[in-house]
Structure formats: structure tokens, C-alpha cells
Amino acid sequence: MQNFSELPFEKKSPMPPILVVAGPTAVGKTRLALDLARLWNGEILSADSMQIYRYMDIGTAKIRPWEMEGIPHHLLGIKKPWEKANVALWQQAAKKALEGIYRRGRLPIVVGGTGFFIQALLRDVDFALEEGGSGEYRRRLEALAEREGAQAVWKMLEARDPLCARTIHPHNAKRCIRALEYLEQHGESILEHNRREQKKPPAFRCCYLALTAPREALYRRIHQRVDHMAQEGLEAEVEALRAMGCHRGMVSMQGIGYKEMLAYMEGEMDREAALDAIKQGSRRYAKRQWTWFAREKEAIWLHQDLEASAASSSKALELARSLAGAKLGI
């Protein structure tokens, strides 16, 4: 095992090393990250906006403790479903986790499909302006979203900042509220702020691996995963969350898999229709993830064969090892 506090490139550059394994849902990020972590004495940081929540394991496809193969994992289940959780809070928690990882002389491996979380960490995006806004205005927007649904705040954003609205899904109340609040505070689109932040130099020496796969193969994998979630107890998980007081007005319960099961439980659709809606929502999410990661100039694309033999999987790992090793100087 290598100790990353003693690697030669640490003396050449003040930027600490970091490895990213990103890509759309169900593409195989977890397996590759575990293999790379074993190779390089790594620890894994989850960059997933839903896996940040506790008690939400099946619907988020969260890795379980017995699946971690002894590799330390961070940022899983650090917030309760009714607690505030956003990119700024995740970034703070990630920075704290990184301090410990570097102190232990290990390589941090950021794994996930929430591109904005990854960008916020790598570019050290400043969220001070967004976090310091008017609590009253935010509360009004949150109340509107809870009363009339996420689309109500999206329509407000579309009226005031149509370009920004096009970049946000109408069901993503959290991002719509953040964009409206920023516009109210500063008189400019949050897109302008984001553009400035994206131009900042990187905070790390990074190898950014983005996994992809043939569309139809990925969609088959997504459908299989949803069927497995149903067999594993997704319905019971959502019922347990309801018993804790969770409801569809919460940001956490608007995630794919949870809002559809809530609709089923509240009599708005049957179970099969709910599972079909989860599959459709997951496919659409994968498309948005592809679009996001295609904009990341540093990303090195790795094509996955989702029906590969063990030998083919070994070749894919060797390619990832070679690319990351060259990029990080390992």
C-alpha cells in the first residue's frame, strides 16, 4: 500500500491528489471505485445528493456496510430526511473528511453521479453568497413549494430567469429556491455566479474518470435495479419513512423512487405504474447526468461493458488504473 503523504508529486505541486469516479446511475461506479481503492490505499467519499440521507438505503442504491470490503466510506447517511441538506453543507462535510484522509496518507476517491457536488469540491465553489440570504424570502418559497408543489417555484423562476429555469428540472424545488433567492439578493442570475466559480483554478491535482455505457444496455441495468429495489423492500422502506413523519413536501422525499412510492401509497397510482414511473424517472435522470458530465472538460471517458466477462472487467480496471496512475503520477 502506498502512503500518499510521501508520493513524489506532493513535493512538486501544492495541490493534493484526488480521484473522481463519476457517471450516470447504474453504470458501475461503485465496483470500479472499490477496486481502485484497494489498489491505492483509498477511501471513498460519496457524491450523491440522495445517499446523504439516513434511513434511505434501498431507493438510493446505497452501498451497505457488508458490501464495502473493508474500504472506509464517507458522507453516507449524514443527514436525517427532515434535516436541511444541500451542496454547500455536503461540500463542508467533504472538506472535513478530506483532511482526515490526507492526514492518514490515503487517496480520496470521490464517487457519485451528482455532478454539482463534485464540481463544488474540485473548484472549491464559494457558497457564502447563497447561504447568507434572507431567511424570510426562503421560507416563503419553501412554503409555496410545500403548498403547491415544486413546479410552482419553477414557474416563478421561469418568469424571472428563463435561461436558468431551463437548466433545472421542474421538480427540483431546492435548486429553484436557491436560484430565486440568489436573484433576489444580488440582482443577477445564479448562472453568472456559477460561471465565475467554474473559471476558478482547480483546488486539487485530479484524475476525473467518467463512466459511460451503451444507452440501451444502461437502461436494461436501470430496469433490473428498480426491480431489485422492489424485491428488496422499497415499499417497506418508504412506509417506515412515512411512519417517521416524512411526506412529499420534504426535499428528501422528492427523490426518484420515493415520490412515486408515496403516490402509490396515497392511492394515486397502482404499484406497477409506480415502478414504471421510477424506471422512467431513472432513465431521464441518466440522460441529465450524461449531459452534465459531457460539459466537464477534465473528464476522461471510460466505456463500460455492462455484460462483460470477468476478463473484460479486469481489462477495464487495468485501463482505469493506467489512466489514473498517469494523471496522478502514481
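**Exercise 1. Find the mean pLDDT of this predicted model, and the stretch where pLDDT stays under 50.**

Solution. Begin with the whole protein: in this predicted model the mean pLDDT is 90. Next, see how many residues reach 70 or more: 92% of them do. Then look for the weak spot, which is residues 4–12, where pLDDT stays under 50. For this stretch the model has 19 contacts beyond four places in sequence.

**Exercise 2. Work out the order of the strands in the sheet, and say which strands stand at its edges.**

Solution. Six strands make up an open sheet with parallel pairing, and reading across it gives β3-β2-β4-β1-β5-β6. Strands β3 (73–74) and β6 (299–303) are at the edges with a single partner strand each, so one side of each has no neighbour in the sheet.

**Exercise 3. Trace the bridges that join β1 to β5 and β4, and those that join β5 to β6.**

Solution. Take β1 and β5 (residues 205–212) to start with: they pair in the parallel sense over six bridges. You can locate one of these at Pro 17, whose bridge partner in β5 is Arg 205. Now turn to β4 (residues 107–112), which runs parallel to β1 and is joined to it by four bridges. Here Val 21 has Val 111 of β4 as its bridge partner. Finally, move on from β5 to β6: these two run parallel, with five bridges between them. Ala 210 is matched with Trp 301 in β6.

**Exercise 4. Is strand β1 buried or exposed, and what about its two faces?**

Solution. Recall the cut-off: a residue is buried when its relative accessible area is under 20%. Six of the six residues of β1 (residues 17–22) are buried, so the strand is largely enclosed by the rest of the structure. To sort them by face, use a rule: side chains in a regular strand alternate between the two faces of the sheet. One side of β1 has Pro 17, Leu 19 and Val 21, the other has Ile 18, Val 20 and Ala 22, and both faces are covered.

**Exercise 5. Describe how helices α2 and α3 lie across the strands.**

Solution. Helix α2 (residues 29–39) lies across β1, β2 (42–46), β3, β4, β5 and β6, and runs at about 175° to β4. Its buried residues include Leu 32, Leu 34 and Leu 36. After α2 comes Asn 41, with a positive phi near 55°. Helix α3 (residues 87–103) lies across β1, β2, β3 and β4, running at about 175° to β2.

Notes
Residues numbered from 1 in each chain as written. Predicted model: local features only at pLDDT ≥ 70, side-chain atom pairs only at ≥ 80, totals over all residues. Heavy atoms only, no water. pLDDT = per-residue confidence, 0-100. Contact = heavy atoms within 4.5 Å. Buried < 20%, exposed > 50% of the residue type's maximum accessible area, 1.4 Å probe, protein only. Pairing = 2+ DSSP bridges. Axes fitted to C-alpha atoms, helices over the stretch in contact; angles between N-to-C directions.
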